[in-house]
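Work through the exercises below with the model open. Try each task before reading its solution.

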Amino acid sequence: MTDWTDPDAMDLSDGETFDALLDRADTREKGHFFEFFAEGDELAHDPGLRLTHHGSEQWMGQTLNHDPAYWRADTARERGFEERPVHPDYLLACVMGITVEDLSEKGGYFLGRDDVEFHQPATAGTPLSVTSTVVDTRTSSSRPKYGIVTWETEGQDRETGETLVSYRRTNMIPRREPAATDGGAVGEQDDGGTTLPDTLVSPDGERFGDFQAALDTAREENAAVAYRHERGRTMDDQLVAGLPLSTLNTARQHHNRDEMADSPSGDIVAYGDVTRSIALAHARSDEATYREQRFADERFHDFVTLGDTVYGFTRVLDCDPDAGPEGAGAVTFEHVAFNQEQTPVYSGRRTALIQRNQ
Ligand SMILES: C/C(=C\C(=O)O)C(=O)SCCNC(=O)CCNC(=O)[C@H](O)C(C)(C)COP(=O)(O)OP(=O)(O)OC[C@H]1O[C@@H](n2cnc3c(N)ncnc32)[C@H](O)[C@@H]1OP(=O)(O)O
């Protein structure tokens, strides 16, 4: 009988031998198919990640987030932070990155996120502890190869147990076995005409009062406060594969072109949090941000891949002068990330405190 442990028993450098071997080898799987998840299940995510200034600065630099409070200690103190925090987009991406191995590594697309709440600023050196609960599972009626799963996730400081950020996220997750469906609703569209305002108003400046004045003007003129941001960022390898890997995000969507060739996108796609952070950076560059508060109804509408350019568009929904400290008021925005073909790829509602005066 052949001793298969003998190094010379097989020549693995021979293409034909190796090909035949690969064909009969099982794959040690990573991640979970849709069928794994049941409502109420709780998962504690194991990958270890410690927030760092290096990671935050790399994230901010690549996504054009230049708010000095996250780069300099003096500005951070002026803005009411005890010490210079890491950027909230980086925090959110790290908390989600850690969850990917357990929740979505099988290849499910990130569809949307809701109830994103920043409970307190996070600082460099903080080790993360992240847990998720399955809150909903359903079959996709339009795509029988996929199911749709929603989780609630909480990211905590592993040492103090304090919650830093929490959110509810929904992904399309591949099924082990395709489902029988009702035929689905692919391509069905509401062809009801959309009405648009005749006029779009832009704020004159970047302060809370500028947003409030623009909303007042718009109300008088039956207009909306909405504008685009000039900057664009073309997605390169560093953004598509590098940044997600730096947050321990193992989703094959971002770094395995071979696997993705046969997927709905046909290629690797950008981490939704990178796409979103770029569009938000464009928006923040046109406002005097004081503090990020929360996000709601975030959706990823279309794929962003290598070579696509991400632009930003903003609509102002509400101003609340009574929320926040003396020097700031709350503004609720709807932000849209779109590509070079003007196709929306992300949209979400964001409430941030905006500084009142110079
Ligand atoms: C971290 C990470 C991955 C990870 O985590 O590891 C990532 O970063 S990955 C990159 C970011 N991501 C993307 O690049 C996806 C962009 N996107 C698309 O390219 C298209 O969306 C699609 C091709 C995926 C689908 O395309 P599509 O089939 O035409 O889309 P839809 O018909 O709109 O949705 C199909 C079904 O999802 C339901 N659905 C949609 N949105 C939501 C929502 N928010 N909440 C709950 N259910 C939702 C819908 O209700 C329908 O359900 P049914 O199948 O039952 O009708």
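**Exercise 1. Cysteines**

Classify C319 as buried, partly exposed or exposed.

Solution. Start with the cut-offs: buried is under 20% relative accessible area, exposed is over 50%, and partly exposed lies in between (1.4 Å probe, protein chains only). C319 has 12% relative accessibility, so it counts as buried. C94 is at 0%, so C94 is buried too. Next, count disulfides, meaning pairs of cysteine sulfur atoms within 2.5 Å. The structure holds zero.

A word on the source: this is a predicted model, in which local features need pLDDT of at least 70 and side-chain atom pairs count only at pLDDT 80 or more, while totals for chains, interfaces and linings use all residues. Residues are numbered from 1 along each chain as its sequence is written, and side-chain values use heavy atoms, with hydrogens and water left out.

**Exercise 2. The whole chain**

Decide how the radius of gyration of the chain compares with the globule rule.

Solution. Take the secondary structure: nine helices and 12 strands. These are DSSP runs numbered from the N terminus, with H or I over at least four residues for helices and E over at least two for strands. The radius of gyration is 23 Å, close to the 21 Å given by the globule rule for 358 residues, so the chain is as compact as a globular protein of that length. The radius is taken over C-alpha atoms, and the rule is 2.2 Å times the number of residues to the power 0.38. Now add the extent: the C-alpha trace spans about 85 × 50 × 40 Å along its principal axes. Buried residues make up 47% of the 358. Then check contacts, meaning heavy atoms within 4.5 Å. Of those between residues at least 6 apart in sequence, 74% join residues at least 24 apart.

**Exercise 3. Helix α9**

Test whether the end-to-end distance of helix α9 agrees with its number of residues.

Solution. Helix α9 runs over residues 272–284, which is 13 residues. The expected span is 1.5 Å times one less than the number of residues. That gives 18 Å, and the end C-alpha atoms are 18 Å apart, so the two agree. As for cover, 13 of the 13 residues of α9 are buried.

**Exercise 4. Salt bridges**

Find what D67 pairs with, and state which parts of the chain the pair ties together.

Solution. Apply the criterion: a side-chain nitrogen of Lys or Arg within 4 Å of a carboxyl oxygen of Asp or Glu. D67 pairs with R79, with the closest N and O atoms 3.0 Å apart. D67 sits in the loop between α2 (53–63) and α3 (73–78), and R79 in the loop between α3 and α4 (88–103), so the bridge ties together parts 12 residues apart in sequence. Both partners, D67 and R79, are buried.

Set another pair beside this one. R72 and D74 form a salt bridge at 3.3 Å, N to O. R72 is partly exposed at 43% relative accessible area, and D74 is partly exposed at 39%.

Finish with R284 and E292, whose closest N and O atoms are 2.9 Å apart. R284 is buried at 9%, and E292 is buried at 9%. Both belong to a network of salt bridges that also links D89, R113, D273, R276, E287, E298 and R350. The whole structure has 23 salt bridges.

**Exercise 5. D237**

Locate D237 and list its contacts beyond four places in sequence.

Solution. D237 lies in helix α6, residues 237–246. Its contacts, leaving aside neighbours within four places, are G242 and L306. F81 is 156 residues from D237 along the chain, and their C-alpha atoms are 34 Å apart.
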